[in-house]
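Here is a friendly walk through one protein model, meant to be read with the structure open beside you. Shall we begin at a hairpin and work outward?

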Amino acid sequence: VDHSSGLGSGFVIDSEGHILTNAHVVNGVQGDITVSFSNNEKVVAKVIGVDNATDVAVLKVDVPSSALTVIPLGDSAGLKVGSGVVAIGNPFGQDRTVTSGIISAVARSIQAPNGFSINGAIQTDAAINHGNSGGPLLDMSGQVIGINSQIASQNGGNVGIGFAVPIDTVRPIVASIIASGTAQHAWIGIQGRELTPGLAEKLGLTVVMELLNSKVNHADYMYDH
């Protein structure tokens, strides 16, 4: 995946030409996004939808299905630390680079482009660098278990700590984007406040209201004396 402001990676998920990549790869793009295939054919891609809460973007290219090689999606549930993995991407513009490693840890938490947390991230020591973002992390059966998205590094280069968004997190987001162009999320917000006798009365909490009134009256009695 190439555009005027940077490089990234991606992979084809169906015969209709849908391609997965990271949201941060296409965010802020000015101009066309070009997808380069293994036969060096370059095609302009359309952004179908972006979800900054999971760092996922869906692109689409208009090419015959015979020109596409679809990569199978696997499962990220039950991954074992120590299992072998392979990353494919476009680090520093070196297209179709393959690196290998193991699953270093699971259930990590990384930050999405909108500042929210992406839980269940896969940590790997497979070499991931700038330009790998959006590429697939594969298990040893050749199935996608995650989207390579971030690295932890003091100098900006690979130091053996990379993170992938798990494919089980990605799958429903992608389905929603393809169906409607947007991803739907349910958020729960909780805000605390002091429970006063007046608020308890409004909420119909009669027992709590009696206890609160008892405490207030007792406090007033102690103050008066």
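In the hairpin of β5 and β6, five residues lie between the strands, and Asn40 takes a positive phi near 70 degrees there. Strands and helices here are DSSP runs numbered from the N terminus, with at least two residues (E) for a strand and at least four (H or I) for a helix. Asn40 is not a glycine, yet has this positive phi. Most residues other than glycine have a negative phi. With a relative accessible area of 56%, Asn40 is exposed; the cut-offs are under 20% relative accessible area for buried, over 50% for exposed, and partly exposed in between, using a 1.4 Å probe and protein chains only.

Please keep in mind that this is a predicted model, in which local features need pLDDT of at least 70, side-chain atom pairs count only at pLDDT 80 or more, and totals for chains, interfaces and linings use all residues. Residues are numbered from 1 along each chain as its sequence is written, and side-chain values use heavy atoms, leaving out hydrogens and water.

The strands around Asn40 are β5 (residues 33–36) and β6 (residues 42–51), which run antiparallel and are joined by four bridges; two strands pair if DSSP finds at least two bridges between them. Across this pairing, Thr34 stands opposite Val44 in β6. On to the next strand: β6 is also joined to β7 (residues 56–60), by five bridges, and these two run antiparallel as well. Here Gly49 stands opposite Val58 in β7. The β6 and β7 hairpin has four residues between its strands, and Asp55 in the turn has a positive phi of about 60 degrees.

Another residue with a positive phi is Arg96, at about 60 degrees, although it is not a glycine. Arg96 sits in the loop between β8 (84–89) and β9 (97–111).

A few residues compared by location and accessibility:

| Residue | Location | Relative accessibility |
|---|---|---|
| Asn40 | loop between β5 and β6 | 56%, exposed |
| Arg96 | loop between β8 and β9 | 35%, partly exposed |
| Ser176 | helix α2 | 18%, buried |
| Leu203 | helix α3 (residues 197–203) | 55%, exposed |

Now to the interior. Which residues touch the most other members of the largest nonpolar core? They are Phe11, Leu20, Val170 and Val174, out of 21 residues in that core. A nonpolar core is a set of buried Ala, Val, Leu, Ile, Met, Phe, Trp, Tyr and Cys residues joined through side-chain atoms within 4.5 Å. At least two residues of this core come from each of β7, β10 (117–124), β12 (144–151), β13 (162–166) and α2 (167–180). Helix α2 gives the most, with five residues. A second, separate core holds 15 residues, among them Val26, Phe37, Val43 and Ala57.

Leu20 is worth a click: leaving aside residues up to four places away in sequence, its contacts (heavy atoms within 4.5 Å) include Phe11, Ala57, Val58, Ile147, Val170 and Val174. With the same exclusion, Ser176 touches Gly181, Thr182, Ala183 and Gln184.

For the whole protein, the secondary structure comes to four helices and 13 strands. Buried residues make up 41% of the 225 residues. Of the contacts with a separation of 6 or more, 58% are between residues 24 or more positions apart.
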